[in-house]
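Me: Please give a close account of a single part of this model, for someone who has not seen it before. I should like to know what surrounds that part.

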Amino acid sequence: MIKRFLNLEWKAFFRSASFQVNVFLKILMGLGALYFIVVFASLGAGLYFILEKAELEPLKTVNKFLIYYFVVDLIARYFFQKMPVINIKPMLLMPFKKSKIVNFALGKTALSFFNIIHAFFFIPFSVILLTQGYSPLGVIRWHLGIMALIYINNFINVFLNDETVFVVLLGAVFVVLGGLQYYGYFDITSYTGTFFQGLYDMPWLAIIPILVLAGVAYYAFTYFLKRLYLDAGLSKKTKTATTENMEWLDRFGKGSTFLKNDLKLILRNKRSKTTVFLSVLFLFYGLLFFGEGFIEVYEGPFMRMFAAVFVTGGFLFSFGQFVPSWDSAYYPLMMTQNIRYKEYLRSKWLLVVIATAISSVLAIPYVYFGWEVLAAIFVGAIFNMGVNAHLVLLGGAYIKTPIDLTSGKKAFGDKSAFNIKTLLISLPKMLGPMALYAIGHFTLGPVSGFALVGIAGLAGFAFRDKVFNMIIKIYKKEKYKTLQAYKQKN
Amino acid sequence: MIEIHNLSKNYNGVSVLNLEHISIPKGQAFGLVGNNGAGKTTLFSSLLDLIQPTTGYIKNGGYEVNKSEEWKTHTASFIDESFLIGYLTPEEYFYFIGDLRGQNKADVDALLSGFEDFFNDEIIGKRKYLRDLSKGNQKKVGIVATLIGNPDVIILDEPFANLDPTTQIRLKGIIKEMATNKDITVLVSSHDLQHVTEVCERIVVLEKGEQVKDIMTSPETLKELESYFSGEAVV
C-alpha cells in the first residue's frame, strides 16, 4: 500500500507542469541541504572541543542553550517544512483503511529533512561524549530524549497549520527572553538547562519526552483520522463577505480596477495574507546584520547591502515573484476579457512600489545604527523599486506554478507562502546591488558605493516601459502554456 | 460574425477537432451538441484563443482571434468556474467585469435589476464570496456577467448543466430573448437536446471532432437529433 502511495507521489512530481523548474530547484535545494549537513556535522564533531577550549563544560553548555535550539527549529519548521499534502479526497472511497492514509501522511513528515538534519549534529556529538568518558548509559538516555523532543517538534508543527500569529509570538517571547538573559535580568536556561542536563543525569527523566512523543503522535493520528470527512478537516470554512468600494483608489486612473482587485486578493486570501505578514518580518531582518557585532559573518560592506535590499524587499520578493500566478485561478477569464496587459502589469508594479516605499518609511528607525545603515536601506529601496520590481515581474512571467489562494482547503494544508523556492529565485537579485556597492566602496569609499546603487535604481525607472513590453511579449508567447499549467491544481 | 476555417487540433497526433468550414452570421443563436469528447469545449476554447489550433484559424468580427485581440471588446463568455474570481462577492465581480467593459456601477445595477427572478434572491446582497456559493449559483453569476456591456457575441459552455429546473426554464427564456435580438450572436453548447432545440436557430452536431450535422431548427429537429444520438440513424 505504501508503495502505491509513493508511486502516486512520484507521478505527481514527474507529471507536474512545472517539472523542469522543479528539477532545477530540487538540485539547488539538494546543494543547500548538503551545506546544512556539512555545517551540522562539523558542528557536531567540533563543538565539544571548541567548548572545552573555551573552558566550558561541553554537555552542560549545550544543554543550557538547547531551548533556543528547539524554538528556532520549530519556527524554521513552521516556515519551511512542507506539510504532507496528498490528494486525500479521491482516496476516501478507496477500499483501504483511513488509518493508512493518515499513517502515510504523518510518516512522511517523520522522514523530513528537518528531522534528519539534527542527527548530523547529535550523533557525532554523542559519540564524542562517549569517547570522552561520559557515562554511556547517560549519553544514550540523553540522546534518546533529545530525539524524542525533535520529533515532538515535528508533530507540533503539523498542528501549527496557519497559526502564524502563535509562531511569531513564540519567536518574540524568546527574543525577549534572550535579551533578558543577555543583560542578566532573568535566565530561562537555568530552568530548561536543568531539564536537559537531567536527561543525562537522572535515570528516568528521558522517559518523559518519549512518553510525550508517543502521546502526541497518537493524538495527531486520531485527530487527522477524525477529520477525514468532507465537512470536517477537508471542508472549506465560509466567512461572511465584506464589501469595500475602495473609491479612493480611482485616482490611479485606468489601472485602478486591477489595483482594487489586487488589494482584495491580498486581504481576502490566506495565502496572500501570509505573504504580507512575512514581508513585515523582513523589516526586522536587518537587525541580524546591523546590530553591532551581533553575528560576525554578516559584517562587511557586501553583506550590509544584501541586508538592506532584503529589509524593504519582503513584499517585492514574496508577492512580485508570483505575478501572474496570483491570478491563476481565473486566468482564462483574464485572457478573454478586454484587458490591456500594460494596465494589468502597472497595477502589480504599483503595488510592489508602494509596499517598498512603505517599508522604507518603516525602516527609518534603523538610523539608530548610524546614517550609513539608513543610507544603505534607502538606496536599497530605490534599487528595489527601480530595478528589482521589474526583474521580479519578468521572472514571474516564467513561473507557472498555480497558486491555490484558499490553501486552507486541504486537511494538512500547504502554507508555503514564502518557501525555499522563493528564496532561491530571490538570491540573484541581491547580487546586483552588492556588486555595485562593492565597486564604489573599494574605489572611492562608501558614499560612492551608495550613489552607484541609487543611480542604478533611478536608471531602472527609465526602462520601465521597455521591460513591461518585454513581459507582455512573454505573457503572449507563453499564454497557452501558462493556461495549461494553471489548469493543474496541486 | 464568426468564421471557422480548416480548424483542427491534434494532441500527440490524435485529432480531437477537425472542422472544414463553419460560418455563423451575426444575430444567429447557434447550438453545439455532441457526446463527451466530441470537441465542443475544444472548439469554444480555440474560439476564445485559450488553446492554439494545430491548423486553420477562426475569425471573430473580422479579426483572427490568435492574431488580434480586438475581438475581446465585443465578445463575452462563460466556460467554467475559472471565469469567476472566487474572493469577490457577486456584486464586486459584476462591477469588475463592468469596469473592464466600460460600464459604470449604475449601468451594471440597471442590468442586474432585470435578473432578480433569475437570481432567486440567492446572489445579491448575501455577503458571500463567489467561492462559497453553490455550483449552480456560481453558474448564474457567470452567465449574467456575460451580458454586461452589451457584447455582440456571447459564448456559453453547457449553461444548463448544474442548474435547478426552475432556473433552467428561466435561462431558456433569457437565451431566447438574446436569440431574438438580431445584434447578438449566441453560441451555446449542451448535452440537453430539448433545451438546445428550444433556444437555438441552428444546431451543429459534432462527433469525435468532426461536424456530422448542421441543421436549421424546425419542429422535427428534436426527433432527428434523438434518433441520431440513440444510434438509429447510424445503422
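Reply: Contact here means heavy atoms within 4.5 Å. By that rule, and not counting residues up to four places away in sequence, Y93(B) touches L333(A) as well as F83(B), L84(B), I85(B), L88(B), L130(B), V141(B) and A145(B). This is a predicted model, in which local features need pLDDT of at least 70 and side-chain atom pairs pLDDT 80 or more, while totals for chains, interfaces and linings use all residues. Residues are numbered from 1 along each chain, chains are lettered from A in the order written, and side-chain values use heavy atoms, without hydrogens or water.

The same rule of contact serves for helix 14 of chain A, residues 341-362 (helices are DSSP runs, H or I, of at least four residues). Its axis and that of helix 10 (residues 256-268) of chain A come within 9 Å and cross at roughly 50° (axes are fitted to C-alpha atoms, and angles run from 0 to 180 degrees). The two are therefore oblique, that is, outside the ranges under 35, 65 to 115 and over 145 degrees. Their crossing is right-handed. F258(A), L259(A), D262(A), L263(A) and I266(A) of helix 10 meet E343(A), Y344(A), S347(A), K348(A), L350(A) and L351(A) of helix 14. By class, these residues are seven nonpolar, one polar and three charged.

Helix 14 of chain A also packs with helix 18 (residues 464-477) of chain A, the axes coming within 10 Å and crossing at roughly 120°. That crossing, too, is right-handed. Residues of helix 14 including Y341(A), Y344(A) and W349(A) meet residues of helix 18, among them F468(A), I472(A) and Y475(A). This contact has eight nonpolar, one polar and five charged residues.

Note on methods
A crossing is left-handed if the near helix is turned anticlockwise from the far one by less than a right angle, and right-handed if clockwise. Ala, Val, Leu, Ile, Met, Phe, Trp, Tyr, Cys and Pro count as nonpolar, Asp, Glu, Lys and Arg as charged, and the others, Gly among them, as polar.
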